[in-house]
Amino acid sequence: MSNHIGVMRLVRYDRRDLRGDLLGAVTVTAYLIPQVMAYAALAGVPPQTGLLVVVVTMTIYALIGSSRLLSVGPESTTALMTAAVLAPLAMGDSTRYMALAGTMALLVGLYSLLAGVLRIGFIGELLSKPVLIGYLAGVAVIMIISQIGKVTGVEVAGDTVIEDATSFATNLWSDGAHIPTLVIGASVTLLLLLLTPRFPRLPIPLFVMLAATAAVALLGLEEEGVQTVGAVSRDGLSIGLPSLAGADIGLLLLPALGIFIVGYTDNIVTARAFASRRGHRIHNNQEFLGLGAANVGASLVGGFPVSSSASRTVIAEASGARTQLYSLVAAGLVIVSVLLFSGIVEAFPIAALGGVVVYAAIRLIDIDEFRRLWHFRKREFLIAASATVGVLVFDILYGVLAAIALSIVELLTRVARPHSAVLGRADEVAGWHDIDDYPTATQIPGLVVFRYDSPLFFANAEDFARRCRAAIDDAVPPPRWFLLNMEGNTEVDITGLDALEDVRRYCADRGVVMALDHVKSEVWHQLERHGVGERIGRAHLFPTHPTAVAAYEEWARGTEP
């Protein structure tokens with residue numbers, strides 16, 4: 001795993017990525033300064049705290065995380081959850097609020113680090129390709145709607161996507177759009193859509209952003225109501241461990257666990273989604289460590305819980321970034337921008353930043369992948385669609401959880417009715433094969449060879465027993481041996497073994513000998529613990545199919561009258 005950790009990738013850095021990483025860093029910096037200031041305010045802490053938090057968290061994740069593109073730092077969902085939890089506890093005391101926020105980040109970080117040490121990152125494997133495709137499409141819609149007020153000048157107020165969309169439509173109808181703002185925002189989006197594909201090697205997002213900033217300054221559009229980033233303050237920053245009483249920490253344990261679950265879910269889904277687009281790998285346990293260290297770092301600078309930002313990650317990718325060097329450079333640029341170039345930062349038009357986000361969001365909706373899912377299997381398309389709808393209707397965490405649940409249900413429906421076959425000898429190809437696939441295949445009289453291609457467990461136990469009975473009943477002439485090829489039965493549970501016992505009794509009642517071949521040692525131990533293995537007997541357990549067939553033929557010769 002070590003060669004996938006950020007610091008190792010940076011040591012082995014490919015200089016061909018430098019140009020894209022630098023351009024990505026500059027563009028992301030231009031976007032994240034107003035974004036993280038807004039998220040800090042949303043979380044209830046001073047806006048300038050967001051700048052310090054993003055510098056620390058991006059740096060830490062770049063050195064520890066496994067994603068090449070993920071931007072870790074202040075994010076809207078965890079910011080909202082933080083404010084919702086802490087506002088009642090702080091009771092208007094700003095000093096206490098900051099201590100609570102820092103402690104919350106520390107607890108979230110410790111939860112994540114503990115999960116990484118325990119190596120429970122396998123939960124990230126529940127996210128299938130359709131879930132990722134649908135998730136990205138849903139995030140794209142959320143991103144667009146979140147920026148629609150900024151690019152049109154229409155006031156938008158709501159707590160959900162639906163409320164935001166409704167608010168926008170209502171206010172647009174009553175008040176109309178702010179034309180200068182709309183022109184800036186729409187022009188940026190349109191230029192990016194037209195120029196970026198034609199000139200992929202040029203820093204089009206950066207050029208367009210600077211052009212928009214120059215246009216606002218030269219035409220005096222700020223006086224016409226076009227909003228810019230505004231003043232960036234450096235006051236009120238603090239560094240050190242938060243200090244709270246034990247009782248306060250106890251109050252935060254459960255909420256911190258909830259924020260950790262939301263943060264990690266968002267982190268791993270976004271990381272895997274972008275990795276799949278680039279052919280990279282994500283290590284789930286390493287993501288626990290990266291996210292945990294980032295949150296501990298946020299706590300040390302008086303911050304609040306953080307996760308990943310899909311919008312910043314999209315912008316980085318769209319601008320050409322290929323490694324986490326862009327995060328390190330962006331962190332440095334944030335410091336430089338605040339210290340030396342605050343005037344330029346203050347002049348960035350909000351509508352242009354919104355236009356960049358809208359463009360990046362449009363690129364997230366992969367119509368070709370949706371089309372491919374539709375042609376491959378309709379149920380997988382529906383999983384992707386449900387992930388999109390779930391993210392929009394139930395928010396990111398619950399939408400993804402609903403899609404995962406649907407994915408698991410869909411998997412169970414397929415595993416509950418797997419392929420099974422009666423096997424015979426085929427002249428066209430060596431070995432034993434499904435007689436339905438090879439109609440000319442021959443069977444040995446008196447021997448039924450049956451294969452069930454799935455683990456035996458509660459979801460398919462009855463189906464397994466039913467198909468075994470049908471294979472026995474349909475055999476002509478009536479079978480003397482029923483040989484179960486267990487090569488595909490890689491796992492068993494007690495319900496599946498009860499079904500195997502039912503088949504054994506069914507055979508015994510008809511004077512049919514039951515035998516097994518290709519039984520894995522772990523599975524045989526389970527059969528013995530259950531008791532069905534002892535009743536079948538080791539004498540009827542064979543390591544390979546040819547040895548089982550040979551044993552039947554010898555047995556048949558010995559029983560001939």
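Helix α4, spanning residues 76–90, offers a simple check on geometry in this predicted model. At 1.5 Å a residue, its 15 residues should span 21 Å, and the end C-alpha atoms of α4 lie 20 Å apart, so the expected and computed spans agree. Several positions along α4 are buried, namely Thr 77, Thr 78, Ala 79, Thr 82, Ala 83, Leu 86 and Ala 90. Just after α4 comes Met 91, with a positive phi near 55°.

A helix pair further along the chain is worth a look as well. Helix α6 (residues 129–152) packs against helix α8 (residues 179–198) at an angle of about 125°, and the two axes are 6 Å apart. The angle therefore makes α6 oblique to α8. On the α6 side, the contact is made by Lys 150, Val 151 and Thr 152, while α8 brings Thr 181, Leu 182 and Gly 185 to it. Sorted by class, the residues in this contact are two nonpolar, three polar and one charged.

Stepping back to the whole protein, the secondary structure amounts to 22 helices and eight strands. Along the principal axes, the C-alpha atoms fill a box of roughly 105 × 55 × 50 Å. Of the 561 residues, 51% are buried. Among contacts with a sequence separation of 6 or more, 79% join residues that are 24 or more positions apart. The exposed surface of the protein comes to about 25,200 Å², and carbon and sulfur atoms supply 63% of that area.

Key:
Residues are numbered from 1 along each chain as its sequence is written. This is a predicted model: local features need pLDDT of at least 70, side-chain atom pairs count only at pLDDT 80 or more; totals for chains, interfaces and linings use all residues. Side-chain values use heavy atoms; hydrogens and water are left out. Axes are lines fitted to C-alpha atoms, for helices over the stretch in contact, and angles run from 0 to 180 degrees between N-to-C directions. Helices (H or I, at least four residues) and strands (E, at least two) are DSSP runs, numbered from the N terminus. Angles under 35 degrees count as roughly parallel, over 145 as roughly antiparallel, 65 to 115 as roughly perpendicular and the rest as oblique. Contact means heavy atoms within 4.5 Å. Ala, Val, Leu, Ile, Met, Phe, Trp, Tyr, Cys and Pro count as nonpolar, Asp, Glu, Lys and Arg as charged, and the others, Gly among them, as polar. The expected span of a helix is 1.5 Å times one less than its number of residues. Buried means under 20% relative accessible area, exposed over 50%, partly exposed in between (1.4 Å probe, protein chains only). Accessible areas come from the Shrake-Rupley method with a 1.4 Å probe; for residues, only the protein chains shown count as cover.
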